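Subject: Handing over the structure

Hi,

Here is the structure I promised to pass on to you. Please open it alongside this email, and then read on for what I found in it.

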Amino acid sequence: TSARLFATGAGEGHLPSFFALYHSTKQTPIPSLIFSCLLSLAMIMFGNAFELVNYFSQALWLSIAACVFGLIWMRHTKPDVPRPIKVNILIPWIFLIVCLLLVLIPSFYEPLNLAINILITISGIPFYFLCVKWKNKPQYYRSISKSIERFCQILFNAVFIDEAKEN
């Protein structure tokens, strides 16, 4: 799942473009899978698998809580915006409280986990500025990115998903 999230993020321009490459016949995001695997291996080397599961599950619920809070915020600040689905506002509030409980209750027993999750989340800020906010990237950055992209296309028989649909 995380590999597809990386591929989607790359397709939206939030990560380098080579993460958006998919195998031409199997539709698998190979570069993103390899990156996810290497990232997981690096994390396991510095801890155990149970800690890794705890970090990611707590980070997941923290992210979901942020999304639900965004939904509630939008419902209050922009009530007239058309929405495909509109539920009673009580449901997102209950869900937000449950998400926060799933994050905060374990934090009383292991506060370091919450601190690490916040640091992991904040560590994405430099990538945002590097890959999304920075529009006038220098030629060497674009050249390196294109070289990695071409290398991945050849090595993994990979294409961008739009190219695969056309074939």
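Below are my notes, from the whole chain down to single residues.

Please keep in mind that this is a predicted model, and that the values below were computed from it.

The chain as a whole

The chain holds eight helices and two strands. Read from the N terminus, the order of elements is α-β-α-α-α-α-α-α-β-α. Along the principal axes, the C-alpha atoms occupy a box of roughly 50 × 45 × 35 Å. The radius of gyration of the chain is 19 Å, whereas a compact globule of 167 residues would come out near 15 Å.

How much of the chain is buried? Of its 167 residues, 26% fall in that class. The surface that the chain exposes adds up to about 11,900 Å², with 72% of it supplied by carbon and sulfur atoms. As for contacts, taking those with a separation of 6 or more, 61% are between residues 24 or more positions apart. On the charge side, the chain has 13 positive and 8 negative charges, and the mean positions of the two sets lie 6 Å apart.

The aromatic rings

I counted eight aromatic pairs. One of them is formed by phenylalanine 6 and phenylalanine 35: the ring centres are 5.1 Å apart and the planes meet at 80°, and because an angle over 60 degrees counts as edge-to-face, this pair is edge-to-face. What does this pair link? It joins distant parts of the chain, since phenylalanine 6 sits in helix α1 (residues 2-11) and phenylalanine 35 in helix α2 (residues 30-45), 29 residues apart.

These two rings also belong to a cluster, in which ring pairs link Phe6, Phe18, Phe19 and Phe35. Phenylalanine 35 has a relative accessible area of 31%, so this residue is partly exposed.

Three more residues to look at

Cysteine 131 is part of helix α6 (residues 124-133). Is cysteine 131 buried or exposed? Its relative accessibility is 8%, and because buried means under 20%, cysteine 131 counts as buried. Leaving out residues up to four places away in sequence, cysteine 131 touches Gly13, His14, Leu15 and Pro16, and also Lys137 and Tyr141. If you want to place cysteine 131 relative to the phenylalanine pair, its C-alpha atom is 16 Å from that of phenylalanine 35, with the two positions 96 residues apart along the chain.

Serine 107 belongs to helix α4 (residues 90-109). With a relative accessible area of 8%, serine 107 is buried. Which residues does serine 107 contact, once its neighbours within four places in sequence are set aside? They are Gln58 and Leu114.

Tryptophan 61 lies in helix α3 (residues 49-77). Tryptophan 61 has a relative accessibility of 28%, so this residue counts as partly exposed. Not counting residues up to four places away in sequence, tryptophan 61 touches Phe95, Cys99, Leu102 and Val103. The C-alpha atom of tryptophan 61 is 20 Å from that of threonine 8, and the two residues are 53 residues apart along the chain.

That is everything from my side for now. I hope you enjoy looking through the structure.

Best wishes

Notes. Residues numbered from 1 in each chain as written. Predicted model: local features only at pLDDT ≥ 70, side-chain atom pairs only at ≥ 80, totals over all residues. Heavy atoms only, no water. Phe/Tyr/Trp six-rings, centres within 6.5 Å; stacked < 30°, edge-to-face > 60°. Helix = DSSP H or I, 4+ residues; strand = E, 2+ residues; numbered from the N terminus. Buried < 20%, exposed > 50% of the residue type's maximum accessible area, 1.4 Å probe, protein only. Rg over C-alpha atoms; globule rule 2.2 N^0.38 Å. Contact = heavy atoms within 4.5 Å. Areas by Shrake-Rupley, 256 points an atom, 1.4 Å probe, with all protein chains shown as cover. Lys, Arg positive; Asp, Glu negative; His and termini not counted. Charge placed at Lys NZ, Arg CZ, Asp CG, Glu CD.
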